[in-house]
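Reader: I'd like to go through this one with you, picking up some contacts and backbone oddities along the way. Could you show me what we're dealing with?

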Amino acid sequence: MADAVGERTGRESTLLSADDEAGSSTAPDRLVTARLRWTGLFGAGVLGLSALSPSFIPRTWWMTAFNLALCLTLGYGVGVLIAWLLRLFARRTGLVVQMRAGAVRHVRLGFGLLVLALLVDGVRRSILLQDDIARRIGATPFPVSDHLLGIAAGVAGFGLLVLLFRALRGLFRFVRRASQRFLPGLLSAVISLALVVWLVVFVSNDVFFAQFVEYASRKAAQVNAETPPGRVPPTESIRSGGPGSPETWDTLGRQGQAVVADGPRRARIEQVTREKAMDPIRVYAGKRGDRTLEQTADAVVAELERTKAFDRSVLVVMMPAGEGWIPEWHPSAVEYLTRGNSAIASMQYTYLPSALAYITDQDTAEKAARVLFDKVEAAVDRRPPGARPKLYIAGESLGAYGGQAVFADKSDLLRRVDGAMWTGTPRTSGLWRELTAQRRAGSPEVAPVIDGGRHIRFITERQNAVNDFYGRPLGQWRTPRIAFAQNPTDPIVWWSPDLLWREPDWLRERASTRVTSSMRWIPWVTFSQIASDMPRSVRVPGGEGHRYQEDLVPLWAGVLGQDPMADYGPIQRAMRADDRIF
């Protein structure tokens with residue numbers, strides 16, 4: 001309101017006039033020397049303070065900088081917009097609020113000191129809460145210097161973003177003045193804005209992002225051609241890349257080589273379980289430029305036939321995440337629990353890391369899963385009913401996302417598999433969302449109960465395999481057994497675009513004590529915080545974030561029809577002893 005007063009009385013015109021931020025000039029030096037509006041700074045302070053609130057994972061300096069820079073910029077823009085709307089309202093209504101110039105300065109100073117005090121206190125509280133989060137998940141807290149570095153970098157990032165937006169505004173004004181020579185005022189403004197927006201989108205997507213994706217793709221292809229440290233071709237003919245396999249070692253890709261080279265053999269399984277065992281089968285087909293997804297899936301089925309995998313008791317179609325990666329805890333758990341009477345089938349569909357593949361090409365993950373599972377399922381169905389292996393599907397992260405896309409709905413899933421084990425499912429999965437929406441009233445979103453847990457169980461702790469989140473027995477787990485393992489602190493599971501405008505059930509319900517009670521939903525802030533948690537979510541202790549490890553053994557036991565609450569310590573310790581398990 002004071003801006004309107006200033007325009008009418010002249011007593012505060014030097015404090016917040018319409019041209020305070022960049023003036024009427026678009027000269028380059030004004031980009032830096034123009035004053036920041038106090039209303040924008042107030043908004044930046046409020047939203048910046050919110051950016052320091054906690055989320056799932058202890059923040060590194062760059063996570064703090066990322067959140068703070070974005071929130072300061074957005075808060076500044078909101079503050080400036082509100083001030084503009086108030087000036088517009090005052091002009092249209094003739095509203096005048098008189099205040100002495102000295103009083104206005106004191107009010108602004110008071111607001112500034114209040115925001116500064118809140119920010120200082122917010123930094124103090126943020127450091128304490130970050131230490132508390134680290135202790136909750138068993139991680140080592142970051143030093144205070146990291147927090148302060150992140151804040152300084154965030155403020156610097158805010159400054160750069162302000163300069164960028166000022167430059168864009170200057171470009172808009174330049175285009176508008178040029179177009180006003182031959183276009184009416186309103187049309188000139190609309191066309192100028194459209195041109196600037198188009199330029200930003202074009203440069204962002206078709207220049208910077210496209211170049212980044214192209215570079216990342218080239219780099220990923222180079223990495224894929226490298227052999228992972230310590231791996232050598234298998235000597236068993238029942239593994240792809242081994243003797244007699246048409247899927248040669250050098251065609252499997254880096255992650256495929258790790259899959260067929262790693263894992264327990266018969267002697268190790270017998271040593272750990274003290275029972276007679278078999279050598280487990282692992283087949284894998286790498287991504288090659290000379291064949292389609294369908295042909296790659298056909299190669300997997302051919303490998304299953306060659307190795308006589310359909311004669312095993314358990315056959316698992318295991319969809320990898322980006323790069324063709326499969327977390328070793330999945331296949332090894334199956335092989336120990338079945339005493340090697342199993343076969344693992346998988347194929348690579350992208351060279352890109354999971355995060356980039358998820359952003360740029362979710363369709364390929366879905367299509368690859370459908371193609372592979374359909375072909376394996378058809379091969380199983382061709383065998384006599386009494387001579388078929390039990391068919392399972394599994395995957396983590398992008399692998400879980402793709403694998404769940406195979407099935408039209410819950411009924412289709414239960415009809416076509418003997419079991420499923422999915423870990424860290426992205427919240428955008430259609431099947432995950434469908435099932436979660438059908439949960440029993442009173443069951444929290446972090447561990448929904450579906451049909452009383454008859455077939456499908458969502459698991460945040462091992463005991464959720466037999467009890468609901470509140471400890472009440474779920475009763476008999478009937479075949480087919482489907483498990484969704486999801487840590488309450490896994491940002492891959494709990495991030496979604498609608499965090500921008502809606503508080504999610506999992507945060508409102510506050511069911512898990514593993515998530516700090518100080519976490520609050522704030523429009524935009526929570527969205528960006530959880531997004532920045534994602535890269536670090538695999539760098540936390542097992543059982544937290546996006547790391548699913550020891551508990552996969554009892555959970556796989558439950559899915560395979562065994563007792564999920566039995567003692568699997570020897571198997572877990574043996575798997576942990578393998579230094580190749582991440």
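Author: Here we go, and keep in mind that this is a predicted model. A starting point is Arg 439, which has a relative accessible area of 18%. Buried means under 20%, so Arg 439 counts as buried.

Reader: Which residue forms a salt bridge with Arg 439, and how far apart are the closest N and O atoms?

Author: Look in helix H18, residues 505–509, for the acidic partner. Asp 505 is the residue that pairs with Arg 439, and the closest N and O atoms are 2.9 Å apart.

Reader: Is Asp 505 buried or exposed?

Author: Its relative accessible area comes out at 18%. With under 20% as the cut-off for buried, Asp 505 is buried.

Reader: How many residues apart in sequence are the parts that Asp 505 and Arg 439 tie together?

Author: Asp 505 sits in H18, while Arg 439 belongs to the loop between H16 and E6. The pair therefore ties together parts whose separation in sequence is 66 residues.

Reader: What does Lys 410 form a salt bridge with?

Author: The partner lies in the loop between helix H16 (430–437) and strand E6 (456–459), whereas Lys 410 is in helix H15 (residues 410–416), so the pair ties together parts that are 41 residues apart in sequence. The closest N and O atoms are 2.8 Å apart, and the partner is Asp 451.

Reader: Of Lys 410 and Asp 451, which is buried and which is partly exposed?

Author: Asp 451 has a relative accessible area of 43%, which makes it partly exposed. Lys 410 has 16%, and the cut-off for buried is under 20%. So the buried one is Lys 410.

Reader: How far apart are the closest N and O atoms of Arg 415 and Asp 412?

Author: Both residues lie in helix H15, three residues apart, or about one turn of the helix. Arg 415 is exposed, with a relative accessible area of 63%, whereas Asp 412 counts as buried at 11%. They form a salt bridge, and the closest N and O atoms are separated by 2.6 Å.

Reader: Which residues are linked with Asp 412 and Arg 415 in a network of salt bridges?

Author: The structure holds 30 salt bridges. In this network, Asp 412 and Arg 415 are joined by Arg 416, Asp 374 and Glu 377.

Reader: How many residues of helix H11 are buried?

Author: H11 covers residues 329–337. Among its buried residues are Trp 329, His 330, Glu 335 and Tyr 336. The helix is largely enclosed by the rest of the structure, because the buried count is nine of the nine.

Reader: What is the phi of Arg 339?

Author: Arg 339 comes just after H11, in the loop between H11 and strand E3 (342–347). Arg 339 is not a glycine, yet its phi is positive, at about 55°.

Reader: Where does Arg 274 lie, and is it buried or exposed?

Author: Arg 274 is a residue other than glycine with a positive phi, near 60°. You'll find it in the loop between helix H9 (266–273) and strand E1 (281–285). Its relative accessible area is 74%, so Arg 274 is exposed.

Reader: Which residues does a cis peptide bond join?

Author: One of the two is found in the loop between E6 and strand E7 (481–485). With omega at about 0°, the cis bond joins Thr 479 and Pro 480.

Reader: At what angle do H3 and helix H4 pack?

Author: Residues of H3 that meet H4 include Gly 40, Ala 44 and Gly 48, and those of H4 include Cys 71, Gly 75 and Gly 79. H3 passes H4 in a right-handed crossing. Their axes are 6 Å apart, and the packing angle is about 145°.

Reader: Which element gives the largest share of the nonpolar patch?

Author: The patch has a surface of about 470 Å² and is made by Phe 42, Val 46, Val 107, Phe 111, Leu 114 and Leu 118. Helix H3 (38–51) and helix H5 (101–136) are the elements that give two or more residues to it. The largest share is four residues, and it comes from H5.

Reader: Where does Phe 42 lie, and how accessible is it?

Author: Phe 42 lies in helix H3. It counts as partly exposed because its relative accessibility is 31%.

How values were computed: Residues are numbered from 1 along each chain as its sequence is written. This is a predicted model: local features need pLDDT of at least 70, side-chain atom pairs count only at pLDDT 80 or more; totals for chains, interfaces and linings use all residues. Side-chain values use heavy atoms; hydrogens and water are left out. Patches are made of residues with over 30% relative accessible area and no salt bridge: like charges are joined within 9 Å, nonpolar side chains (Val, Leu, Ile, Met, Phe, Trp, Tyr) within 5 Å. Accessible areas come from the Shrake-Rupley method with a 1.4 Å probe; for residues, only the protein chains shown count as cover. A salt bridge is a side-chain nitrogen of Lys or Arg within 4 Å of a carboxyl oxygen of Asp or Glu. Buried means under 20% relative accessible area, exposed over 50%, partly exposed in between (1.4 Å probe, protein chains only). Axes are lines fitted to C-alpha atoms, for helices over the stretch in contact, and angles run from 0 to 180 degrees between N-to-C directions. A crossing is left-handed if the near helix is turned anticlockwise from the far one by less than a right angle, and right-handed if clockwise. Contact means heavy atoms within 4.5 Å.
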